[in-house]
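Work through the following exercises with the model open beside you, and try each task before reading its solution.

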Amino acid sequence: MKHNILFLIFITFVLSSCHSSNYGQRKNEITKIEIATGGCFGPCQSTVTSIDSSLEYRYFGGDTYFSLPPDGAKEGKLKGFYSGKISQGFWDTLNIKFENINYKHLDTSYQHSVDDQGLEIFIHYGNKVKHIMAQSASLPNTAAEVFYYVINSYKTVKPKLPKDTFLFESQVQRPIPMPDVRKVKFLPPLKKN
């Protein structure tokens with residue numbers, strides 16, 4: 001009888017610890033991921049995807065740098081500002097994917113090509129930020145797969161139109177401002193002797 005009571009107390013303790021709020025919750029080091037895409041010599045869309053540990057999802061879809069054929073104009077691309085929430089499982093999956101590519105040891109620049117899509121990546125972890133500037137064809141394949149998983153995540157997250165716009169850290173997606181040609185001055189022609 002004494003052993004049965006001890007066994008019941010042990011089973012009760014084990015089962016109660018299984019239901020604690022921290023059981024099974026993953027400890028993620030990354031607190032925010034932001035990836036922006038720029039233009040290319042093709043139908044690349046400028047975008048920004050920002051996801052953080054509070055499960056906030058923010059997306060901006062801009063224009064394509066070269067127009068698409070009329071039948072391919074949409075292709076599921078979102079234009080404008082969008083926001084939503086992701087699940088804890090999705091956030092955990094992102095963290096695992098970034099850990100698997102050893103994100104802390106990636107270079108900060110991958111610029112070996114010039115005619116492909118430009119990327120700007122911010123990975124916040126601890127009190128640090130990993131900032132990477134890259135051309136898509138210059139990235140290691142495993143890193144490119146993970147980055148494009150984030151970039152294309154709007155297709156599965158399905159964010160909605162927000163009431164407001166928001167700011168992003170990145171600069172790549174912003175169009176380069178054209179100079180004001182009205183203020184350009186030319187030298188007068190040289191006089192012939």
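**Setting and conventions**

S138 is placed in the loop that runs between β7 and α3, where helices (H or I, at least four residues) and strands (E, at least two) are DSSP runs, numbered from the N terminus. The model is predicted, so local features need pLDDT of at least 70 and side-chain atom pairs count only at pLDDT 80 or more, while totals for chains, interfaces and linings use all residues. Residues are numbered from 1 along each chain as its sequence is written, and side-chain values use heavy atoms, with hydrogens and water left out.

**Exercise 1. Determine whether S138 is buried or exposed, and list its contacts beyond four places in sequence.**

Step 1: take buried as under 20% relative accessible area, exposed as over 50%, and partly exposed as in between (1.4 Å probe, protein chains only). Step 2: S138 has 11% relative accessibility and therefore counts as buried. Step 3: with contact meaning heavy atoms within 4.5 Å, and with neighbours within four places in sequence set aside, S138 touches Y110, Q111, H112, S113 and D116.

**Exercise 2. Describe the chain as a whole, beginning with its helices and strands.**

Step 1: the chain contains four helices and seven strands, and the order of elements from the N terminus is α-β-β-β-β-α-β-β-β-α-α. Step 2: of the 193 residues in the chain, 37% are buried. Step 3: if contacts are restricted to residues at least 6 apart in sequence, 66% of them join residues at least 24 apart. Step 4: the exposed area of the chain is about 13,200 Å², of which carbon and sulfur atoms supply 59%; accessible areas come from the Shrake-Rupley method with a 1.4 Å probe, and for residues only the protein chains shown count as cover.

**Exercise 3. Identify which residues of the largest nonpolar core touch the most other members, and which element gives the most to this core.**

Step 1: a nonpolar core is a set of buried Ala, Val, Leu, Ile, Met, Phe, Trp, Tyr and Cys residues joined through side-chain atoms within 4.5 Å. Step 2: the largest such core has 33 residues, and F98 and F147 are the members that touch the most others. Step 3: at least two residues of this core come from each of β1 (30–37), β3 (56–64), α2 (88–100), β6 (118–125), β7 (128–135), α3 (141–151) and α4 (154–157). Step 4: α3 gives the most, with six residues. Step 5: not counting residues up to four places away in sequence, F147 touches I35, F98, I101, L106, I121, I132 and L139.

**Exercise 4. Find how many salt bridges the structure holds, and locate the partners of E29 and K85.**

Step 1: a salt bridge is a side-chain nitrogen of Lys or Arg within 4 Å of a carboxyl oxygen of Asp or Glu, and the structure holds four of them. Step 2: E29 pairs with K104, their closest N and O atoms being 2.8 Å apart. This pair links distant parts of the chain, 75 residues apart, since E29 is in the loop between α1 (2–18) and β1 and K104 in the loop between α2 and β5 (109–110). Step 3: K85 pairs with E56, with closest N and O atoms 3.0 Å apart. K85 lies in strand β4 (residues 80–85) and E56 in strand β3, so the pair ties together parts that are 29 residues apart in sequence. Step 4: K85 counts as exposed at 53% relative accessibility, whereas E56 counts as partly exposed at 25%.
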